[in-house]
Structure formats: C-alpha cells, structure tokens
Amino acid sequence: MRSVPTRSALLALMCFAGAAIGAPSATERALVKRIQAHEASSIALLEQLVNVNSGTMNFAGVRQVADVLRPRFEALGFKVRWEDGAPFGRAGHLIAEHPGRGRHVLLIGHLDTVFEPNHPFQRFERIDAQTARGPGTSDMKGGLVVALAALTALKEAKALDGMHITIVMTGDEEDSGRPLSLARASLVEAAKAADVAIGLENGADDPKTALTARRGYTGWQIDVQARSAHSSQIFAEQVGVGAIYELARILHTFYEELHGEELLTFNPGLIAGSTQLDFDPKNLRAETFGKDNIVAPIAVATGDLRTISPEQLERTKERMQKIVAASLPHASATITFRDGYPPMPPTDGNRKLLEMYDAVSRDLGFGAVTAVDPRRAGAADVSFVAHEVEMAIDGVGLLGRGNHTPDEVADLRTFQIQSQRLAVLLLRLKKR
C-alpha cells in the first residue's frame, strides 16, 4: 500500500494562503469559492455514481453511469453522444464536447471499474469525514466528479464560454475491448484535434505529484515444444532436455540479460508444462496431465512487458525474440506479443504542462507538484493520445488508495485541491 500524506500535511496544503507565489486573479478566486460551495453536492454525486455497479462487463451498469453524467454535461453546454461498444465487445464510450475557440483541451476519464456485479464490494460508505470507501471512489469516478466540479465552476464564473474542451469517458479502461485499435479509435481521433491532454486518473495518490510519463503494457506468450521420452533418457543426445528445461532457460536468460535496464520490467504471470497441456489464453487457465517419469514435450508461459518508450519496447522485443530462438537441443520455442497500452514517454511539452500545473498549485496555496516516478503508476488511456498532442499530464483526479481491491478509498480532503487546480489550469490554458 502506498504511503498517504498525513492529515496535518493535507490540511496544510489546503490552507489558501502562505505558500502562494502569485496572486490568483479575481476569476480564479471566484472559481475557488464556487468549488468550495458545491463540495457537498459533488460528494453526493460521487456516492450516486459509486452505488451503480459498472464493472467493465456489466454493460447496463456502464451505460447507467453514463446516463447519470450526460445531463450534467449537457447543462454546461456540452454536446454529448454515446458511442456503442458492440464492434469491440464492450458497453461503449460517453463523449462530450464544448466547442470554442483557441486551445483545445482533451480530458480523459473512464466509466467502468474492476468490480463486477458478483463481487461483494459494491457500495459507497463514509468511513469518516475525510474518507469514503467504495468501488471506483478514487479509480476513477472521483476523477469524473473532480472534472464536473471544475467545469461547473468555470460555467458559473462565465469563464467556460469560448473554451474548447472535449471529454472522452471510456467504458472499458479496466478491461479493454478488442481489437484495441477500434476500442480506442474515438479517443485517438479526439486527440488528433486537441492541443492538450489531461488524464483524470488518481496517479500516485499523492497531492504533491502528477504524471508526465507512464510505462506501456505489452503481453507476451512463449510456446515450447520438445521431444518426449522416458525420463531416464533426458539429456541423451537423441532426446534433449524437454520443454520445461527449455522454458526455464528462456526465462532465466530474460532475467540475466534484460533486468536492470531503467524503467524496464517483464513479469511471467503463468507457467505450465507437462505431457498433456490444455491452455486457455483468453482466461489464462491451464490444465495439465503428466508423470514424473516422462520428459515433458510441451510448455507455455505468459506475462507482461512494461516500457517507457516505443524505442525501448521494440528493442526489448527483439532481444526477447533472439533469446527464445537460441533453443537447447531437440527443443524449439516461439514468442508472440499482444498489443496493450502504449508507453507515454516524458517530453518537454509534458514537463511544460506540469510546470503550469505546479504554478497553479503554488498560487492557490497548495504547494509544489512534481513528476511521479513512472514505476509508481500503471498504464492508462492517456498513453494512447500523448503522442498526438503538444502537452499531456495525468493523475489530476480525486486521490485515495487501495485501487483494484476491496480496500479502495477516496481521500475526500483532496477534492478541493484537485478540483481547484484543474479549474484554474483550464482557465490559464484558455488565456495562453
């Protein structure tokens, strides 16, 4: 579990005074007051959203979350549409656009959670005045509520007029539809028309940080075949080592030759080998039958590969393929890669946007914001669009801890911090 700032530290961040390095404008001060005034209704909306089960494969639940949000965006002047997800095997996406002039900002969120209807973790629960427990409280229905609070404040302050903002809320971030290129086509298309991308995820759950880079995710599978024989003949010239030793060689060589490179990781998640092997790659299940006195003729392993740049990804794939091809006697293996989330490498543009966000935070009295170590964050939808825009950051949503577990909570003390920061950042992006 990640460390979370202490209550005193968070309260200090929320003091609208001493730490400021610049005076907020009259409009920025108005945004702050409006967000403060609407906090109770924003938390009530979060409770309403969390209490709708929207596990990725609960299509009706995902659409119900969209139905709750749609009129709220329409009331702010957004043109809202639902993209049906049948072509890629998921519920679909909610897309809202506020037409305007000047810099085009893309906000990115998702409607789904990892908790399906058969999971016991289903309801919003207030633990205390500062903490709410529930599926999606921080990952990331809280981020959607932060965005609505910021946009509502901008609307009430008459600052939303003229802003060009698109928000894409995917319905399958936690379990992407296939083909992935089709499931993310509308998100990429929106990014091609945008200048800035901002992810509403909860990042590293620390109000002193945001993300300028995320590692990508690629799946891999190794299939091994070898000669079978009585175990007494293993290592004989005419038999060789069998499939399990060959698979062990490959994985060990991966570790020996690849581990240690900065921001590169590769994890085997399933290994199976025997005389008979029934492998289900879709559900990652394997049934085996064998005997200790038979040299295993078949083995399989699957895993993931995390990289920080497209160059690192391609270089690592080539090295893995070379290792797999150097087979032991009478064994052969192949490796296949499954496209996942692309990497979001750090760029000068991303750093520039973080500098703006940091300045906003300081001016509001919330202190400095620095970049998160990419190893502390997984893949996210912003990675699909980062290369299409001038600047991108992520991790500006409601913060908490325990994501993807029944211990998921939102730290409600960060609602004001994140909502005010986002509202003022959007205002300053409009003026530049």
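Reader: What makes E14 stand out in the lining of the largest pocket?

Author: Its share: E14 gives the most to that lining, with 5 residues. This is a predicted model, by the way. E14 covers 331-341, and E9 (216-226), E10 (265-274) and E13 (298-307) join it in each supplying at least two residues of the lining.

Reader: Why is this called a pocket and not a cavity?

Author: Because a cavity is a space the 1.4 Å probe cannot get out of, whereas a pocket is an open set of points. This one holds about 1,500 Å³ of space. Of the 48 residues lining it, Glu173, Glu174, Asp175, Ser176 and Tyr217 are the closest to its centre.

Reader: What makes up that lining, by class?

Author: There are 19 polar, 15 charged and 14 nonpolar residues. Tyr counts as nonpolar and Glu and Asp as charged, so of the residues closest to the centre, Tyr217 goes with the nonpolar class and Glu173, Glu174 and Asp175 with the charged one.

Reader: And the second largest pocket, what lies nearest its centre?

Author: Pro310, Pro342, Pro343, Ser383 and His387, out of 20 lining residues. The space there is about 270 Å³. H9 (310-325), E9 and E14 each give two or more residues to the lining, and H9 gives the most, with 4. By class, the lining divides into 10 nonpolar, 6 polar and 4 charged residues. Pro counts as nonpolar, so Pro310, Pro342 and Pro343 belong to that class.

Reader: Now the sheet with E1 in it. Why are E1 and E16 called edge strands?

Author: Because E1 (79-84) and E16 (391-393) each pair on one side only. The order is E1-E2-E6-E3-E7-E16, an open sheet of 6 strands with mixed pairing. On average, neighbouring strands are turned by 15° against each other, direction ignored.

Reader: How do you know that E2 and E6 count as paired?

Author: Pairing takes at least two bridges, and 5 bridges join E2 (residues 92-98) to E6 (residues 164-170), so they qualify. The two strands run antiparallel. Look for isoleucine 95, which stands opposite valine 168 in E6.

Reader: What lies across E3, E6, E7 and E16?

Author: Helix H11 (residues 414-431). H11 runs at about 175° to E7 (196-199). Angles are taken between N-to-C directions and go from 0 to 180 degrees, so at about 175° H11 and E7 point in nearly opposite directions.

Technical notes
Residues numbered from 1 in each chain as written. Predicted model: local features only at pLDDT ≥ 70, side-chain atom pairs only at ≥ 80, totals over all residues. Heavy atoms only, no water. Contact = heavy atoms within 4.5 Å. 1 Å grid on protein atoms, 1.4 Å probe; cavity = no way out; pocket = protein on both sides within 12 Å on 5 of 7 lines; lining within 4 Å. Points joined across faces, edges and corners; volume = space filled by probe spheres on them.
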